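Here is a short briefing to read alongside the model. Have the sequence and the 3D view open, and follow the topics in turn.

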Amino acid sequence: MAEGIRDKVVILGMGCTRFGERWDMSGGDLLVESLTEALQDAGIEKKDLQAAWLGVHIDEINIGKGGTYASTAMHLPLIPVSRLDNFCASGTEAFRGAAYGVASGACDIALAIGVEKLKDTGYGGLPDSPAFGQEMVMIGPNATAPGMFAQLATAYAAKHKISMDRVKEAITHVSWKSHQNGAKNPRAHLRKAVTKEQIMGSPMVAYPLGLFDCCGVSDGSAAAIVCTPEIAKKLKPNDPLVKVKALQVAVSSGEEAMYDKWDGASVLTTRAASKRAYEEAGIKNPREEISMMEVHDCFSITELCTMEDLWISPEGGAPEDILGGFYDLDGQIPCQPDGGLKCFGHPIGASGIRMIFEMYNQLLGRWPEDRAVKDPKFGLTHNLGGVPNNNVCSIAIFGVD
């Protein structure tokens, strides 16, 4: 295996807008807001940027195709701007482009930025949305995101011989935990704590997923500026350095959708990408070495299955870990310390970098005590775009020196 980019790239600065219904802001306004904060945090000027990678998914609204709109909105200094779309991993893909640009020596300081005005598309994740083209309205009106992910729950219960009541109890804890964390975060869209009784009793969307088992639809932007360790030490000689330890992506190639060996209770790409990421980062035992995570909790059952797909909970053991508080903010590996997609919503192009923003600030010890992870060493982010039988997964791991 190639040695990867471990310790070759440092996050110099980051920015993140408040996520939510940003009717007052255009996509360009959100880009400028996150970029401005990232530049201030990095302690550099716009003219110092040498290349940029932009993550966005639904390009017809606000952002348009190519990189010209974003470059114009941010008044970038005639540098290369590459637009990336890889479903819900688009933000992390933009970060990967910038990190690879620095690690290769093609540039010294690069920008990764993601944005989405998802509210403006009218997309709610439910049937008959033309956001992904009119063909889906005609041939796939029942292939909804909650419907496709809900099938993980029944397959998981059947595989591990766990009752659906137990699965529902565990995924209820997943949503309850994220709302507890999101209520403390001023940048989150949904900031109300909810009770387990409210979650259990919420209207059913796709069995066993109720309203509170589904993430929201939001607008937002997040940005990261990366550079070499040598440059970071010159610019911030007295600051700890948050380094990229691993960046891996896996994409479905038919194993799940076209053959009969997949059990439907896990996500194969997450298992493949996380194995490669741990190897790149030099992590031997993720359950003991990972300090915290932001994972793709588009639905609560996705988070439950991801705990096993990341090789942290044992097979069939995720419900016990979840209900035992293993992933709570004061647990052994806090998951979604910022509230996750559940409370931030999912502006597709921005979500991956928003997750990195949380790991970066946690590693630097910048958050108040009531939402800080204690003494983190490694932070992991995970994105999953598509549906369980056909998707793209990205895994990123960060550490502080």
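In this predicted model, the axes of helix 3 (residues 90-103) and helix 15 (residues 348-363) come within 5 Å of each other and cross at roughly 65°. On the helix 3 side, the contact is made by Ser 90, Gly 91, Thr 92, Ala 94 and Phe 95, and helix 15 brings Ile 348, Gly 349, Gly 352, Ile 353 and Ile 356. Sorted by class, the contact has five nonpolar, five polar and no charged residues.

**Aromatic pairs**

- A pair of aromatic rings is described by how far apart the centres are and by the angle of the planes.
- The count for this model comes to five aromatic pairs.
- One of them joins Phe 19 and Phe 344 edge-to-face, at 5.3 Å centre to centre and with 80° between the planes.
- Phe 19 sits in the loop between strand 1 (10-16) and helix 1 (27-42), while Phe 344 belongs to helix 14 (residues 340-344), so this pair ties together parts that are 325 residues apart in sequence.
- Phe 19 and Phe 344 are both buried.
- Phe 95, which you have just met in the helix 3 contact, also pairs with Phe 398: the ring centres are 5.7 Å apart and the planes stand at 80°, so this pair is edge-to-face.
- Because Phe 95 is in helix 3 and Phe 398 is in strand 11, the pair links parts that lie 303 residues apart in sequence.
- Both Phe 95 and Phe 398 are buried.

**The sheet**

- Nine strands make up an open sheet with mixed pairing, and their order is 3-2-4-7-1-8-11-10-9.
- Strand 3 (81-84) and strand 9 (292-294) are the edge strands, each pairing on one side only.
- Direction ignored, neighbouring strands of the sheet are turned by 25° against each other on average.
- At the strand 9 edge, three bridges join strand 9 to strand 10, and the two run parallel.
- If you would like a residue pair to look up, Met 292 has Gly 379 in strand 10 as its bridge partner.

**Helix 10**

- Helix 10 packs on this sheet, where it touches strand 8, strand 10 and strand 11, and its direction makes about 150° with that of strand 8.
- Helix 10 covers residues 268-281, 14 residues in total, and reaches 20 Å from its first C-alpha to its last, close to the 20 Å expected.
- Which residues of helix 10 are buried? They are Thr 269, Thr 270, Arg 271, Ala 273, Ser 274, Ala 277, Tyr 278, Glu 280 and Ala 281.
- These buried residues pack against strand 8 (242-251), strand 10 (378-387) and strand 11 (390-400), and also against helix 11 (286-289) and helix 12 (300-309).
- Just after the helix comes Gly 282, with a positive phi of about 75°.

**Leu 304**

- Helix 12, one of the partners of helix 10, is also where Leu 304 is found.
- Is Leu 304 buried or exposed? Its relative accessibility is 0%, so Leu 304 counts as buried.
- Leaving aside neighbours within four places in sequence, Leu 304 is in contact with Tyr 156, Ala 170, Ile 171, Ala 318, Pro 319 and Ile 322.
- For a view across the chain, compare Leu 304 with Arg 166: they are 138 residues apart along the chain, and their C-alpha atoms are separated by 12 Å.

Notes. Residues numbered from 1 in each chain as written. Predicted model: local features only at pLDDT ≥ 70, side-chain atom pairs only at ≥ 80, totals over all residues. Heavy atoms only, no water. Helix = DSSP H or I, 4+ residues; strand = E, 2+ residues; numbered from the N terminus. Expected span 1.5 Å × (residues − 1). Buried < 20%, exposed > 50% of the residue type's maximum accessible area, 1.4 Å probe, protein only. Contact = heavy atoms within 4.5 Å. Pairing = 2+ DSSP bridges. Axes fitted to C-alpha atoms, helices over the stretch in contact; angles between N-to-C directions. Nonpolar A, V, L, I, M, F, W, Y, C, P; charged D, E, K, R; others polar. Phe/Tyr/Trp six-rings, centres within 6.5 Å; stacked < 30°, edge-to-face > 60°.
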